[in-house]
Amino acid sequence: MADTSNMKELPETPPIVDLDAAIALLEGDDAPENICVDIGHATLLRADGPKGTQGLLQRLRGHRMILALSSGELTQKVVPMRSGKPDMHPDVAEILDALRDQG
């Protein structure tokens, strides 16, 4: 029989979801703390920043907006990041405004 005294339990694999599903989960406060979002091109995002899931939600909304603007799409999916003044760096706001003006 194998000696199990040195065996370590691996952490639970976080659920990996796509961009739209992750935004829906985060907006509904149904996302687990260890959510992992596949945004394509072998890139995964997690809620590991200082603002946790709210910071992840903001980054995902911004990413979706940049994707829509860069592809020339103006769809109902592109919504303001939140009502009121967005909490983002002024340079980011300037870039997003420039992209929107080009469209």
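Student: What is the strand order of the open sheet, and what kind of pairing does the sheet have?

Tutor: In this predicted model, the open sheet of 3 strands runs in the order β1-β2-β3, with mixed pairing.

Student: What makes β1 and β3 the edge strands?

Tutor: Each of them, β1 (16-18) and β3 (43-46), pairs on one side only.

Student: How do you know that β2 and β3 pair?

Tutor: Pairing needs at least two bridges, and strand β2 (residues 36-40) shares 4 bridges with β3 in the antiparallel sense. In one of them, Asp38 has Leu44 of β3 as its partner.

Student: Good, now the charges. Why is the contact of Asp20 and Arg64 called a salt bridge?

Tutor: The cut-off is 4 Å between nitrogen and oxygen, and these side chains meet at 3.6 Å, N to O, so the pair counts. Asp20 sits in helix α1 and Arg64 in helix α2 (residues 52-71), 44 residues apart.

Student: Why is Arg64 called buried, and Asp20 partly exposed?

Tutor: Buried means under 20%. Arg64 has 14% relative accessibility, so Arg64 is buried. Asp20, at 33%, falls between the 20% and 50% limits and is therefore partly exposed.

Student: What makes Arg61 and Glu27 a salt bridge?

Tutor: Their closest N and O atoms are 2.8 Å apart, which is within 4 Å. Arg61 lies in helix α2 and Glu27 in helix α1, so the pair ties together parts 34 residues apart in sequence.

Student: Is Arg61 buried or exposed?

Tutor: Buried: Arg61 has a relative accessible area of 16%, and the limit is 20%.

Definitions and conventions:
Residues are numbered from 1 along each chain as its sequence is written. This is a predicted model: local features need pLDDT of at least 70, side-chain atom pairs count only at pLDDT 80 or more; totals for chains, interfaces and linings use all residues. Side-chain values use heavy atoms; hydrogens and water are left out. Helices (H or I, at least four residues) and strands (E, at least two) are DSSP runs, numbered from the N terminus. Buried means under 20% relative accessible area, exposed over 50%, partly exposed in between (1.4 Å probe, protein chains only).
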